Amino acid sequence: MSSRTRSRGFDALGLSVMSNAVAMIAEEMGTVLERGSLSPNIRERRDASSAIFDSGGRMIAQAAHIPVHLGAMPESVRAVMARKPAPGDVFLLNSPYDGGSHLPDLTMVEAVAEGSRIIGYTAVRAHHADVGGMSPGSMPQGATELVQEGLHLPPIRLAPRGRLDDALLELVLANVRTPAERRGDLEAQRGACAAGAAGWRMLLAREGPSRMRAACDALLAYTERRARARLLEIGDVEGRADDILEGDGVSDVPVPFALRLRVRRGTLSLDFAGTSPRVRGNVNTVKAVVRAAAIFVLRSLLDDDVPTNEGIGRPITIATPDNCVLDARWPSAVAAGNVETSQRVTDLLFAAFADAGVAVPAQGQGTMNNITFGGDGWTFYETLGGGQGGSPKGRGPSAVHVGMSNTRNTPIESLERSYPMEIAEYTIRRGSGGNGLHAGGDGVLRRYRVLERCTVTLVTERRTRAPRGALGGMDGAMGINRLNGTPIPPKCRMELAPGDVVTIETPGGGGWGAAPAR
Amino acid sequence: MTISVGVDVGGTYTDLAAVDASGRVATRKVLSTPADQSEGVATALRALGAAPASVSRVAHGTTVVTNLLLERKGARVALCATAGATDLLELRRQERAGLYDLSLHHPAPLVDAAHVVAVNERISARARLIPLSAMEAERVAEAVAALQPDIVVLSLLHAYADASHEAILARAIAQALPGVDVVCGSTVLPEIREYERTATAVAEGYARPRVRRYLEHLGARLAESGYPEPEVMTSGGGMLPAREAAGRAASLALSGPAGGVVGAAAVLRAAGFGDALTIDIGGTSADAGLILGGEPLVEPGGSVAGVPIALPRVLVETVSAGGGSIAWVDDGGALRVGPHSAGAVPGPVAFGRGGTAPTVTDAHIALGRLDAAELSGGVQLDRAAAHAAITKLAKQLGAAVPRTAEAIIAIADASMARALRRVSVERGVDPRACVLVAFGGGGPLHGCALADALGMRRILVPPHAGVLSALGLAIAPERREAAQSVMQLALSMKRPAVAGLFQQLSRAAAGRMQKPRIAAHARARYAGQGYELDVPFTARDTGATIAARFAALHVGRYGFTLDRPVEVIAARAAAIGKARKL
């Protein structure tokens, strides 16, 4: 028998069952988190992920609802392992520079104890609605230092050997705007970690340590094999792409990005030479987020059934120049990097693959269209979908989140009951997708009429540079932001009076292939 | 006039179960007739051989709605929507169809943009911002008439709270288009959230004309032979006379699977148990369900064939693992089972109908677990062919035949176990405290392994496990429902208001029924949250007692309470007749 189907006593016959068993544990962690969490952002928009790791810190399974968390948590577990955890220790962290992404993402890691040994790790990352800092929501506009963005936590032992350190929790809660909600969400995260630990212990007891080790090897090797097989099928190719972000958050000067992508013998190497140095505003991001974007793009090239584990990232290497916007270091601000720069990296990868001759979709809207209204005693935040790029398979879907986000919209009727606002229009922005053999998807138009004095904060992209078409397809339409009919900047904060109307038109996706001549 | 008959139409077989006054059960299985399901129903009744005059009721589970949604063969619908909100069906809830497959589209809406008419009117949460004028209603009616629709659906913003504009428009359209049915969103689903309400109302319009024709045809056919008017099972486990069911087409979308869980619940109660997980294993898929306190769990929401239908439905989670699921080796070298299925035709290799791919059923045969020469429905088993197919796969994997067969079954078990855990754990139910009811053709074969995997200690394999849905239909009581929007803080609802609400809903639900039992639920949530729980209530409740019950339910389901007011968004009542005893 070839080594292809047999891996140290654990063979192809057991793989599906084992893959199901570990995925089920990760999925149940997600269920426990959603059931126990207080905030709508975790419970309904599902901005959270859970994963299990073996004793060597290898990620065996992840339940991700939102791609920006894909494969980003191994860094968290490594950061915890570097602190020599005791069996049963539960750590909390959000440091972008030590296992995290941006500050609102609080990651909890439990060192799973079996007697006096650590047999694995469970980790849960959730986007919290506030972690302090200079503005409510902890996604400040105009921040230039990390400490402005909220409470900064390197991996701390929140529960040594499973016993909660109350003083430490009080310290965390004393630094956020909504302590009760945070306490509830953190408790839900602990519950989810514990549920994962129980599931992992049970599986290990059933299978035995040596068979389980073989199973983990086989699962990671299997996913890696599927990923490499796809890259081998692509062949040895090379592609380049460049792009910009429309401002760093404090100025409108474009931030350049460049990528050289190479596929060689089943590996994918990414070199970001030519990309902007670190910037003053908060579109900087850490390498773990760049890696998540790379894994997402590779994942989208694979069949849907490939199990999500650390094996998928093995063929990928990433190089960034010194002092790069994609390799943020203390004290850089990073809040917007996670939401917008991650989208740009995704766009770069797709564009470079297209340049290399690989059949991938044209660019999608490339932004999450972050919109926050805030008035006396209320804040409303939402992100808007737009056009997906056309692809070799067909027209790009319209009015969806592309790339690293996939959160739902807020129903008009719910919004109007809860906030002093009316949605005067919410429609498909017809014709905004780029024309082509397979046209890009259309963006959306959303018109808000405010009924009280308040402010609006916009963090949007693709307002000056359109999502590009591929292989002769036309570009998608750029997004437009307006106040009472007059265009306003992509990133801004404006004071509004009752009756003012803010209109957001989100970008369309690029077209794929030249449209047939009429 | 003593025999109650249930007829369940599935993709392959039409099952019949008849229960007489003494509780004796007779069953029949005939081939389905997809082109006209009523033909199979009539054949099954003939096969039973009972005198039509001795049959007191014919209860029917149908896949007519499911199929027309799957095949997109419904009516030509014109949709009238508030100007500025005409694209709701395309916008959905903004989530994409595939997290990683970026070219994947949601199924196209049942109404395309060219058949949506914008109405210049606007009701907000606070006021009528733009009143609907008689002139505008007339203009819309003319525009609708020009589209020559089979049926018209009206769904305006905030109509759950104020249905006056829909009513004005409905009258204008009825005048302009006599004889064309008009469906109002505020009637089909009087609840907040415009997308779900509109999509449900459109599904109703899309399915109604064809469902009405089918049920009239079925009724006429049965009447010819002297049978009573048929009754139809709803997705929520209710039972409606065919005439009424024809006007509630969207509520029949999961008629079939609901019958299975209703049947399982009846058997469970008869055996003296209360809480159970159910698994119904058929040829192409397995349905997992949950029974609490002897009643199937009914929840609103879900979608059928990509069409969201936010009406109450018996909880059923379907996984593509069944007897016909195909075993194969993927390009990573792993043995896999499903999602492709050989279905009934060509079916497993052993059926000898041209199937060549090894299936779960073939694995059972190779292991000697299925040793009958013939299955119900007259299928002859070719054991040698099944064995050969598994052997071929085993060679490809370099493994022994029995190990390969066992692995195939274990993989199917794993995905079914995952579905069972999901339906229970997501609702705070510990599977170990439940009985496993295993039915459908494959239920008894997989029950023990599933119970082991979930730590369950009791398995109930009901008699007539292969036709349990039909049995469920035969014994299910009549059950009619009514709903209305409430949108009030619970604490502001005094006792007379609650009693009034209960009475109003009870009357609407009961209709002509004689002394039904009433089960009413308030859909409540913490103000500002986007998810609700169904809280049982009676005429003796106050808003305060409803809020307290909500909090207790919330603890059971989610493990905590919030320091926020409780809001009742809507209320429903079911009027339930007497169930037949087994």
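What share of the contacts in chain B with a separation of 6 or more comes from residues 24 or more positions apart? The share is 69%, where two residues are in contact if their C-beta atoms, placed from the backbone, lie within 7 Å.

This is a predicted model, in which local features need pLDDT of at least 70 and side-chain atom pairs count only at pLDDT 80 or more, while totals for chains, interfaces and linings use all residues. Residues are numbered from 1 along each chain as its sequence is written, and chains are lettered from A and ligands numbered from 1 in the order in which they are written.

**Chain B as a whole**

Select chain B, whose secondary structure comes to 16 helices and 30 strands; helices (H or I, at least four residues) and strands (E, at least two) are DSSP runs, numbered from the N terminus. With a radius of gyration of 25 Å, close to the 25 Å that the globule rule gives for 582 residues, chain B is as compact as a globular protein of that length; the radius is taken over C-alpha atoms, and the rule is 2.2 Å times the number of residues to the power 0.38. The C-alpha trace of chain B spans about 75 × 60 × 55 Å along its principal axes. Of its 582 residues, 55% count as buried, a residue being buried if 20 or more other C-beta atoms lie within 10 Å of its own, exposed if 12 or fewer, and partly exposed in between, with C-beta atoms placed from the backbone.

**Strand β1 and its neighbours**

Next select residues 3–9 of chain B, strand β1, where seven of the seven residues are buried. B:I3, B:V5, B:V7 and B:V9 point one way from β1(B), whereas B:S4, B:G6 and B:D8 point the other way. Add residues 55–61, strand β4(B), which runs parallel to β1(B) and is joined to it by six bridges (two strands pair if DSSP finds at least two bridges between them); here B:I3 has B:V55 as its bridge partner. Then add residues 13–19, strand β2(B), which pairs with β1(B) in the antiparallel sense over six bridges, with B:G6 opposite B:A17. A hairpin of three residues connects β1(B) to β2(B).

**A four-stranded sheet**

Move to the open sheet of chain B with the strand order β6-β5-β9-β10, in which the pairing is parallel. Because β6 (116–119) and β10 (181–184) of chain B stand at the edges with a single partner strand each, one side of each is left without a neighbour in the sheet. Strand β9(B), residues 151–155, is joined to β10(B) by four bridges, and B:V152 has B:V182 as its bridge partner. Helix α4(B), residues 134–146, packs on this sheet and touches β5 (77–82), β6 and β9 of chain B. Helix α5(B), residues 164–176, also packs on the sheet, touching β5, β6, β9 and β10 of chain B.

**A second hairpin**

Select β21(B), residues 325–329, which four bridges join to β22(B) in an antiparallel pair, with B:V337 as the bridge partner of B:A327. Between these strands lie five residues, and B:G333 in this hairpin takes a positive phi near 85°.

**The side facing chain B**

Finally, show both chains: 56 residues of chain A are in contact with 56 residues of chain B. Helix α1(A), residues 12–36, is among the elements that each supply at least two residues on the chain A side, and α1(A) gives the most, with 13 residues.

Methods:
Axes fitted to C-alpha atoms, helices over the stretch in contact; angles between N-to-C directions.
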